[in-house]
Number of protein chains: 2
Amino acid sequence: MPVKTIEWVGGQDGVARMIDQTLLPAELKYLDVKDVETMWEAIKTLRIRGAPAIGIAAAFGVYLAVRNTPGDDYAAFKAELDRAADYLGSARPTAVNLFWALRRIQNLAAAHTHEPVPAIQARILDEAKRMIDEDNTVCRAIGEFGLQTLLEQPRRTSTTERPLTVLTHCNAGGLATAQWGTALAPIYLAAERGILIHVYVDETRPLLQGARITAWELQQAGIPVTLITDNMAAAVMAQGRIDAVIVGTDRVAANGDVANKIGTLGVAILAKEFGVPFYVAAPTSSIDMQLESGDLIPIEERKAEEVTEGFGRRTAPVGVAVYNPAFDVTPHRYVTALITENGVLRPPYTEALNRLFTPTTAGM
Amino acid sequence: MPVKTIEWVGGQDGVARMIDQTLLPAELKYLDVKDVETMWEAIKTLRIRGAPAIGIAAAFGVYLAVRNTPGDDYAAFKAELDRAADYLGSARPTAVNLFWALRRIQNLAAAHTHEPVPAIQARILDEAKRMIDEDNTVCRAIGEFGLQTLLEQPRRTSTTERPLTVLTHCNAGGLATAQWGTALAPIYLAAERGILIHVYVDETRPLLQGARITAWELQQAGIPVTLITDNMAAAVMAQGRIDAVIVGTDRVAANGDVANKIGTLGVAILAKEFGVPFYVAAPTSSIDMQLESGDLIPIEERKAEEVTEGFGRRTAPVGVAVYNPAFDVTPHRYVTALITENGVLRPPYTEALNRLFTPTTAGM
């Protein structure tokens with residue numbers, strides 16, 4: 001079983017327990033978060049990261065802020081609730097899922113203004129816990145569809161002697177979600193059923209999420225893992241070591257184009273060249289039907305020091321120009337399938353995605 | 001002009017002056033090597049690196065060992081010469097070019113046993129200096145052919161507003177040779193003629209030769225350079241920023257397959273996908289006509305710590321499996337042209353390489 005990224009421990013006076021991801025892979029330390037200020041700091045400093053996990057953390061953060069407001073003073077409760085939502089939103093102002101989670105908690109409170117404050121407080125804690133359950137359900141459904149897809153695909157005849165082997169990039173694992181991950185969910189579900197899938201992990205420069213986080217969480221769960229530098233992916237594919245690539249995504253456009261961590265596009269092109277299927281684990285929450293194509297996704301450029309001083313000491317000349325895009329866009333033609341919690345989508349994606357978001361007319 | 005990697009300063013009692021490459025890119029420090037022990041240490045600890053540069057260093061090393069042997073004692077001179085050759089060979093036992101250079105000096109001495117010792121000593125110094133001249137001649141010829149090739153190729157119409165832009169991987173620059181480099185020679189020759197070519201440099205994990213050495217030497221020579229991580233090459237090509245890729249090689253097989261630093265294969269495949277020409281600067285000394293194809297080249301695997309602790313601190317979990325091949329092989333079908341000092345070779349390479357190594361029959 002993958003480790004739990006975040007969970008609630010105890011009753012209404014309990015704590016949000018989370019792994020401090022900034023200490024990985026050197027140290028596994030759990031933080032017991034008891035107040036909203038500590039939660040803000042944890043989100044701000046990336047002790048917790050990944051869209052679903054941040055959303056859950058924010059929901060618990062709101063609960064921690066309001067759980068001690070006087071039970072007979074709705075106005076004080078409501079003021080504290082709104083203040084906490086604004087405050088938590090400021091921790092990662094560009095994290096869409098953070099605001100989605102905060103709105104969800106605010107909407108819940110707004111729908112129950114007729115109830116006593118303690119009842120609303122209890123509802124908020126329940127809602128935050130429900131977000132964990134929902135995340136687990138979505139991730140496990142992606143895991144089921146992904147595993148089925150991996151097991152059904154034709155195996156390279158030359159490689160049937162070794163375990164099924166996949167390559168992944170960055171971290172779309174349990175530590176980006178509550179527990180199961182998206183791209184790694186099929187791996188964990190397979191392990192649960194006694195099937196060990198070997199995972200090659202790109203270290204994922206510049207921030208090394210693959211080396212630091214993905215390799216660590218797979219190792220913790222007893223999954224066979226081999227770490228490579230990003231530029232080794234072509235060699236391992238050329239050697240026939242890889243049966244499939246599976247990665248996560250930050251955003252899927254209506255035509256199936258996929259934005260994900262820098263380097264994903266290169267892996268997708270190599271997979272195509274070597275006839276290796278390229279799968280994208282895409283919870284429907286990451287699909288943006290308003291976005292016609294991936295060309296419209298703005299690419300965030302990050303600071304040069306991530307490349308030139310990424311490991312604690314300078315490894316490039318002072319003053320050198322650096323291009324450091326955080327993401328790239330993989331055109332849909334390189335994507336073998338999108339694995340969602342509602343099923344496996346294959347090309348043509350415009351049609352498949354439209355069907356996914358069209359209310360069923362079965363029985364009419 | 002690119003910096004000089006190694007040169008002789010002074011007369012017969014002079015010194016071999018070289019850049020201490022282990023201090024780059026933080027510090028430019030020249031070493032004045034006056035004895036064979038210091039030269040051995042410099043080769044051993046990679047203060048000087050790159051096949052041609054190591055060969056030249058070894059030749060100067062032999063001279064430093066024998067320059068003070070008594071002028072009237074041939075036996076003592078010859079014993080010292082052989083001892084120095086064995087000793088210097090032990091500094092990098094797998095460096096083919098090191099042994100080639102040592103044999104060349106030994107053969108020279110053997111061909112002049114009838115001369116007085118001081119005359120042979122002078123010949124050895126001259127021979128070592130000649131190796132610099134020859135290296136410069138080869139590199140500049142590669143530069144000429146490479147530059148002509150770069151300037152003649154069709155430009156992407158959408159990118160004529162910006163300077164010609166190439167991408168390179170690892171270091172096949174001046175610091176791997178006496179001064180001009182192989183893959184970077186066309187860039188330096190262009191600059192000499194007032195044409196600035198913009199160079200994107202892959203940082204080249206795990207040992208970061210691109211970030212540490214290539215970016216540094218281009219910056220020193222006033223060439224516009226942009227550093228990227230290896231996994232950004234696909235994105236910069238997708239954005240139409242790259243007009244050509246040019247890399248060096250460790251070994252070219254008789255069919256045109258090319259062994260080079262890990263990551264080269266990936267760059268070659270991306271170049272093909274984006275319609276960007278992929279050029280390999282290949283001095284004829286790197287072409288091995290005994291080697292039928294690149295499949296026969298053994299791939300050296302290096303220690304895991306280069307990947308897991310490459311920057312002075314651990315960035316991956318303890319105990320994780322690592323695959324760390326030092327090289328990969330790029331099949332000839334991805335190679336647009338081989339740029340040698342004797343001309344530009346294009347497919348089919350088996351025929352082109354055979355012609356290159358067949359004595360000319362012109363005039364018969």
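Start by selecting four helices: helix 8 (233-238) and helix 9 (264-273) of chain A, then helix 8 (233-238) and helix 9 of chain B, each of which supplies at least two residues to the lining of the largest cavity. Keep in mind as you go that this is a predicted model.

**Stop 1: the largest cavity**

Stay with those helices and look into the space they help to line. The largest cavity holds about 180 Å³. Its lining has 20 residues, and A:D230, A:N231, A:L270, B:D230 and B:N231 are the ones nearest its centre. Colour the lining by class and you should find 8 nonpolar, 8 polar and 4 charged residues.

**Stop 2: helix 9 of chain B**

Now select residues 264-273 of chain B. Is this helix enclosed or open? Helix 9 of chain B is largely enclosed by the rest of the structure, because 8 of its 10 residues are buried. Click along it and you will pass the buried residues B:T264, B:L265, B:G266, B:V267, B:A268, B:I269, B:L270 and B:A271. Carry on past the helix to B:G275, where phi is positive, near 70°.

**Stop 3: the two chains together**

Zoom out and show both chains. A turn of 180° with a shift of 0.0 Å along the axis lays chain A on chain B, with an RMSD of 0.1 Å. The two copies are therefore related as by a two-fold rotation axis. To find that axis from chain A, select A:F311: its C-alpha is the nearest in the chain, 2.7 Å from the axis. Both copies use the same surface, as 100% of the contact residues of chain A recur in chain B.

**Stop 4: the nonpolar core**

Next, select A:V245, A:L338, B:V245 and B:L338. These are the residues with the most contacts inside the largest nonpolar core, which has 139 residues. As a general background, nonpolar side chains tend to be buried together in soluble globular proteins. Zoom in on A:V245 and show what surrounds it. Leaving aside residues up to four places away in sequence, A:V245 touches A:L167, A:M237, A:V267, A:A271, A:V276, A:P277, A:F278 and A:Y279.

**Stop 5: the second largest cavity**

How many cavities of 30 Å³ or more does a search of the whole structure find? There are 2. The second largest has about 80 Å³ of space. To see its lining, select residues of chain A including A:T204, A:R205, A:K261, A:I262, A:R302, A:E306 and A:N324. By class, this lining has 5 nonpolar, 3 polar and 4 charged residues.

**Stop 6: A:I262**

From that lining, pick out A:I262, in the loop between strand 9 (258-261) and helix 9 of chain A. A:I262 is buried, with a relative accessible area of 1%. Now add A:P325: it is 63 residues away from A:I262 in sequence, yet their C-alpha atoms are 6.7 Å apart. Not counting residues up to four places away in sequence, A:I262 touches residues of chain A, among them A:H169, A:R205 and A:P325, and also B:N231, B:M232 and B:A235.

**Last stop: A:A254**

Finish in the loop between strand 8 (251-253) and strand 9 of chain A, where you will find A:A254. Buried or exposed? A:A254 is buried, with a relative accessible area of 13%. Show its contacts, again without residues up to four places away in sequence: A:D288, A:M289, A:L291, A:E292, A:Y349, A:T350 and A:L353. For a longer view, select A:M39, which is 215 residues from A:A254 in sequence and 34 Å from it in space, C-alpha to C-alpha.

Terms used: Residues numbered from 1 in each chain as written. Chains lettered and ligands numbered in written order. Heavy atoms only, no water. Buried < 20%, exposed > 50% of the residue type's maximum accessible area, 1.4 Å probe, protein only. Least-squares fit on C-alpha atoms with pLDDT ≥ 70 in both. Contact = heavy atoms within 4.5 Å. Core = buried A, V, L, I, M, F, W, Y, C linked by side-chain atoms within 4.5 Å. 1 Å grid on protein atoms, 1.4 Å probe; cavity = no way out; pocket = protein on both sides within 12 Å on 5 of 7 lines; lining within 4 Å. Points joined across faces, edges and corners; volume = space filled by probe spheres on them. Nonpolar A, V, L, I, M, F, W, Y, C, P; charged D, E, K, R; others polar.
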